[in-house]
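Q: Could you walk me through how to read a protein model? I'd like to begin with how helices sit against each other.

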Amino acid sequence: MSKEEERLRLKSVRIQNWKGFKDCKLELYDGLNVLVGPNSSGKTSLLEAFKFLKKALVQTESPYLPHLEWWTYRNIVYGNDETKPIRFELEFQLPEEHVATYEAVFTGAGGMVTLAKERIDLKNVVSLSIEGNVLTIEYDEHFFEKHLSLLKENGISIKVKFNVELISLLQVKIGFGLFKKYEESQVVLLSLFLFRNIPDFEFLVREVKLLSPNLTSLDEPLVTYTLYNLKKFFASSLLIKHPDLVGIRQPQTHKNGDVISERGENLAAILHRWFLQGGGRLPDRIERALQNLFPYFTLRPDITVDGRVFLSIQDGMYGARLDPPSIPDGFYKLLHVLTAVESKPSILLIDELENSLHSEILEYIVEELKNANITSIVATHSPIVVDVAGLECLQLLERTSEGNKVRRVENLEEIQRWMREKKLTPSEMWLYQLQ
Ligand SMILES: Nc1ncnc2c1ncn2[C@@H]1O[C@H](COP(=O)(O)OP(=O)(O)OP(=O)(O)O)[C@@H](O)[C@H]1O
Ligand SMILES: [Mg+2]
């Protein structure tokens, strides 16, 4: 199985009580999703939901303040009602036709955000949930019946309830080498270790034995695969907004070059590293785009006397060397987006893609996103983005009395036929018919 097939594919997200979303379900397309809707219809809020989940589920350092950027729990809960929980439910397609649903519920009593409940449901297999400090493991009835003898032989009960003290199911460790295969039944028995999660101080709380199907193509238990990849999914989601056009021009220290930042400040550090790794060449995606869109520029990451990196351009047409203050905004914007794509996030979220970009570059980027083989959600007000993406990528957001709602274009083929007959473009359809 290739790396591509190995990753989790996000199919849908249900959002409850997050900012302007009272209860809303987003059914995602594989590849590019273009989020359109009036000002204040929730585009930015929807993208930020992924950022909150990353902070809340992966970056769990203490003090636990995943909401800090939005100041208070009050600001992130629908209608400022602190008594309401915020709930996310994400559905993923897994290898070998398996489906996983991940649920996370947050509460904010007294302004402190707590992960109150977490559940991983492997359809037709098993569901693991932690609510408060109780862990529950519940096998699917049919799965259980089928493997009953194995369970009996190994003294495993179907429902385990005991108190645990840990932040998140995603922090659970699976015992390596401790799983036992039952070839004839395609299931494995594995040990799940529950650690109390205190930074720099982890100790074993409990060990739970668990049955899981084995993914034959990967030779890995479904449960281990899912726990590990769910965490990876949230960890490598990436939100970018319009670059900070002052910050992006400041020379950067080398070490600041792991993941491209939301506003692109560390762009030079990342490109410098890629440039060195590529023996004086940037990744093909970036080289190709620059040749197409800025053929008269040669980009060279450079270094200051005190060892910080910055971008510099040779303008072959005008015979000038351009240091950061003279590099055009659109050039930075293009590099910021391409660097985000090239880092192959599990899901790429881009707010207001069109800012600073001429239509030709905007079209190029949308094509690139369509062909990049990553799931992306792009918020825009630009008809150009809609035209290049097509109606089949649109996610229409609107404000309703029941909070923000999102929907895909219904009767797509019929509408596309009508559009061709009337010689309308996708953006004309969107602006005059679908809103
Ligand atoms: N805690 C909350 N409770 C209810 N509604 C909220 C809350 N926080 C934000 N909102 C709603 O969400 C709106 C902001 O949404 P958002 O910024 O996501 O819109 P947008 O579609 O990105 O708009 P634009 O196109 O102008 O960028 C606010 O105007 C408000 O109506
Ligand atoms: Mg916005």
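**Reading the helices**

A: Helix 9 and helix 10 are roughly parallel to each other, where "roughly parallel" is the word for angles under 35 degrees. Helices here are DSSP runs (H or I, at least four residues), and strands are too (E, at least two), numbered from the N terminus. This is a predicted model, where local features need pLDDT of at least 70 and side-chain atom pairs count only at pLDDT 80 or more, while totals for chains, interfaces and linings use all residues. Residues are numbered from 1 along each chain as its sequence is written, and chains are lettered from A and ligands numbered from 1 in the order in which they are written.

Q: What is the angle between helix 9 and helix 10, and how far apart are their axes?

A: Axes are lines fitted to C-alpha atoms, for helices over the stretch in contact, and angles run from 0 to 180 degrees between N-to-C directions. For helix 9 (residues 329–342) and helix 10 (residues 359–371), the angle is about 0 degrees and the axes are 11 Å apart.

Q: Which residues make that contact?

A: Two residues are in contact if their C-beta atoms, placed from the backbone, lie within 7 Å. Helix 9 brings Gly 330, Leu 334, Val 337 and Val 341, while helix 10 brings Ile 361, Ile 365, Glu 368 and Leu 369. An α-helix has 3.6 residues a turn, so residues three or four places apart point the same way.

Q: Is helix 9 mostly covered or in the open?

A: Count the neighbours: a residue is buried if 20 or more other C-beta atoms lie within 10 Å of its own, exposed if 12 or fewer, and partly exposed in between, with C-beta atoms placed from the backbone. In helix 9, 11 of the 14 residues are buried, so go with "mostly covered". Its cover includes strand 15 (237–240), helix 7 (267–277), helix 8 (284–293), strand 19 (347–350) and helix 10.

Q: And how many residues of helix 12 are buried?

A: Helix 12 (residues 412–421) has 10 residues and the number buried is 0, so it lies largely in the open. Just after it, Lys 423 has a positive phi of about 55 degrees.

Q: What does a partly exposed residue look like?

A: Try Trp 274, which is found in helix 7. It has 18 C-beta neighbours inside 10 Å, so it counts as partly exposed. Leaving aside neighbours within four places in sequence, Trp 274 is in contact with Leu 282 and Pro 283.

Key: Parallel < 35°, antiparallel > 145°, perpendicular 65-115°, else oblique.
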